[in-house]
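Trainee: Could you take me through one part of this protein up close? I'd like to see how a single piece sits among its neighbours.

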Amino acid sequence: GKITVGATEGNIVLGSAVTAVQKVDVDATAGSVTLNGAVESVAGEVEVAANEAVTANATVKAKTDVTLSSTAGDVTTGEKVTATSGTVSIATGTGNISVQAAEAGQNISLTAVDGNITNSGLLKAGGTASLYTGKGAVTVTGAVDAQDNVTVKTINGNVTVQNNIISHSGDISVTSRIEDITITSSGVLTAGKKVSLNALTASDIMINNDINGKDIEIKIDDGY
């Protein structure tokens, strides 16, 4: 059946493995959530929410969707997050996102309103992959491999690509509206369709490795 763990005050710490046939729902309304054991939904979804930090020190796996969200804290995964046939969604309002690795049958979404985003391991999506922050840096340390479009974007911060980004059948879009974009010597961009690098006039775009696509667009202007 379903497993629900909730707290309206204080923190939640799960010290051992949790497995449910259906949904696993963990919610700390006013505190943090720490997962020290593996969490799995065999046939359903996993949803973990907290007002403060969400920390997964073990694997998180669901048949459908995995959602990890914080209102005002960091979201950190130390092991792989897997949504076998669904979507991995990791989000925070005010805080950083640090993902070890993630795999989804459909889409992967890492979203911060105000905070930095980094992935240290492979992000592999059967659909799209999106890394977006409104204010903060995006650092692609691990590879990103998606069947469809890949979007890497910050409104106010640097984008640094230190590993390969692949879109097998779609586009790759890398955007920084205020700061710089750097494609390091260890990062290669390969798209089935278009690769776009977009920055404002006051920013720099630095490319130190190959960019491959049917169309390649590099723009520095006031339109982004």
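**A close look at one strand**

Mentor: Let's start with the outside and work inwards. The protein chain has an accessible surface of about 9,200 Å², and carbon and sulfur atoms own 45% of that. Keep in mind that this is a predicted model. Going by secondary structure, the protein chain has 29 strands and 0 helices, so let's pick one strand, S7, which covers residues 46–50. Is S7 buried or exposed? Mostly covered, as it turns out: 4 of its 5 residues are buried, meaning under 20% relative accessible area. For the protein chain as a whole, buried residues make up 45% of the 224 residues.

Now for the company S7 keeps. With strand S4 (residues 24–28), S7 pairs in the parallel sense, over 5 bridges. To find a spot where they meet, look for Asp27, which stands opposite Ala49 in S7. Then there's strand S10 (residues 66–70), which runs parallel to S7 and is joined to it by 5 bridges. Here you can look for Ala50, whose bridge partner in S10 is Ser70. While you're tracing these, remember that side chains in a regular strand alternate between the two faces of the sheet.

Finally, zoom back out. The C-alpha atoms of the protein chain fill a box of roughly 50 × 30 × 25 Å along the principal axes. A compact globule with 224 residues would have a radius of gyration near 17 Å, so the 18 Å of the protein chain agrees with that. As for contacts between residues at least 6 apart in sequence, 8% join residues at least 24 apart.

Key: Residues are numbered from 1 along each chain as its sequence is written. This is a predicted model: local features need pLDDT of at least 70, side-chain atom pairs count only at pLDDT 80 or more; totals for chains, interfaces and linings use all residues. Side-chain values use heavy atoms; hydrogens and water are left out. Buried means under 20% relative accessible area, exposed over 50%, partly exposed in between (1.4 Å probe, protein chains only). Helices (H or I, at least four residues) and strands (E, at least two) are DSSP runs, numbered from the N terminus. Two strands pair if DSSP finds at least two bridges between them. The radius of gyration is taken over C-alpha atoms; the globule rule is 2.2 Å times the number of residues to the power 0.38. Contact means heavy atoms within 4.5 Å. Accessible areas come from the Shrake-Rupley method with a 1.4 Å probe; for residues, only the protein chains shown count as cover.
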